Amino acid sequence: MYSKELAELGFVVFRRQNDNGGMKPHLFIRFKSKDGRLLTFAVDTTRLPANQNPPDAYLITHAHSDHYGKSAMLSDKSWCSEETARALEIRYEKTYQGQTFKTGEIVDICGVPVQTFDVFHTPGSSAFYWENELGNSIMVTGDVKDASLLPKCDVLLTEASYGDPDDLSCYFKDDISALHHAVLSNVGKRRIAFGAYEFGKSQKAVSIIREMGYNGPISMNGKTLSLTESFVSNAGDLIELGIEDSASYSVRSATLSFSQTQITGQINTEPAAPGGVSIQAAAVAVSVQTSYSAVQVNLAESDIDCSSRADCSSSTVGSSRADDSSGTDCSSRVDDSSGTDGSSTVGSGTKCGTDDSSDCSICIVPVHELAMFGRDTQKYVLTCRPDYPFEIIKLSDHLDVDGLTQMVKNINPRVTIIYHPNKSSRTDRFSKHLIKNGFKAFSINQIQNIVKNEKLS
Ligand SMILES: [Zn+2]
Ligand SMILES: [Zn+2]
């Protein structure tokens, strides 16, 4: 614990206790501004009760639930990017009460110029950087996917979601080829369901799938759909998973509860997996490249969701089929297409469900909903965690432990505080790892300054 060094730099970090004796999430930073005012900025925490002394600002790094914007967004002292505010409003169906900025801007927070930086973890995820009375700098990163824009600073507050150097699952690389392969090898044959967080990962998956040339419909629940429409400019044809789909899941409800129970409680933090997709990325990349142009038209054509007629008439690509499709019945068209002109399916020629062609669509759902799909659906989780009972495609919104370590080396702070994930031993493990690498570092769990019920006077 380097509180003396921190104090010499002109910063005090502390935590606050709830009325029930538990600890509020994350932490508070007290410092003097260049004009000599004592200020407190709260970092990724919940609002304080009205009868307690509030901080001068609530900084919200991004809109994931483990950063508590759901609560802080209701304070007029909160600060976050425009995208984070928009995502919070969609996710929680409440009006954001605070102030916003464009990520990358310098904003005036309580008279302090605060520089913001994109960390590429979610749309709008932002780091905050400012200087105190002594000219010493402090930076709060939140979760980080790409630290390349971050400047050097004296005090760094950062994360360790994958910060355990002794856990093999904290070493990973994104495997976008595996996502390509999953689409190319299944689309047109069977329904594909990807399990992904509704904000961040789902939008990234849609972007990748569209970039690879798939033009067919992508189904998702209403909240994910709203977020995707709001944050992905080329989102294409999105369909809300409807009652019919739910009904088809419900017949399997007896088997659902097991998997759901198994997964519940593991969703907010992301420890990772040594496993992953068995296919070699390089091999997949080659096959994607060689087969891509031939497959591209078929992808769009064969994956028509006939749950609505508009989809039927708008999704065709091949010219002859477009002609054929005009005014014909959806289901018969799908029947006609299978195997007759060779264009309807990718690979073996297995046709999509004839009574409900949504069986061969792509779905993106929260991970716990994957269990609702039957065995005829090919299921994947987009994650680096090892603990899901489905095939994993490695796609992370985070730096791995090597990336985090390199980030700290580049920023070269005088003191580093590992403040996230809240209530995780990874903060301790990563701070020890930094100390071994010659840095002064401590974890949120070691903070001994605790304020109890600082009531308004
Ligand atoms: Zn996050
Ligand atoms: Zn987080």
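Start with the open sheet of 7 strands in this predicted model: colour its strands in the order E7-E8-E9-E10-E11-E18-E19, and note that the pairing is mixed. Now pick out the two ends of that row, strand E7 (106-109) and strand E19 (441-443). Each of these edge strands has a single partner strand, so one side of each is left without a neighbour in the sheet. If you turn the view to follow the sheet across, the twist averages 25° from one strand to the next.

Next, select helix H14, residues 426-436, which packs on this sheet. Its contacts there are with strand E18 (415-420) and with E19, and the direction of H14 makes about 170° with that of E19.

Then move to the other edge. Select E7 together with strand E8, residues 112-118: the two run antiparallel and are joined by 4 bridges. To see one pairing residue by residue, show Asp-108 and look for its bridge partner in E8, Pro-113.

For the last stop, go to strands E1, E2 and E3. Strand E1 (residues 11-17) and strand E2 (residues 27-32) run antiparallel, with 4 bridges between them. Show Phe-11 here, and you will find Phe-31 as its bridge partner in E2.

Keep E2 selected and add strand E3, residues 38-43; this pair is also antiparallel, over 6 bridges. Arg-30 is a handy residue to label, with Thr-40 of E3 standing opposite.

Finally, zoom in on the hairpin of E2 and E3, where 5 residues lie between the strands. Which residue takes a positive phi in this hairpin? Select Gly-36, and check its backbone: phi is near 85°.

Definitions and conventions: Residues are numbered from 1 along each chain as its sequence is written. Chains are lettered from A and ligands numbered from 1 in the order in which they are written. This is a predicted model: local features need pLDDT of at least 70, side-chain atom pairs count only at pLDDT 80 or more; totals for chains, interfaces and linings use all residues. Two strands pair if DSSP finds at least two bridges between them. Axes are lines fitted to C-alpha atoms, for helices over the stretch in contact, and angles run from 0 to 180 degrees between N-to-C directions. Two residues are in contact if their C-beta atoms, placed from the backbone, lie within 7 Å.
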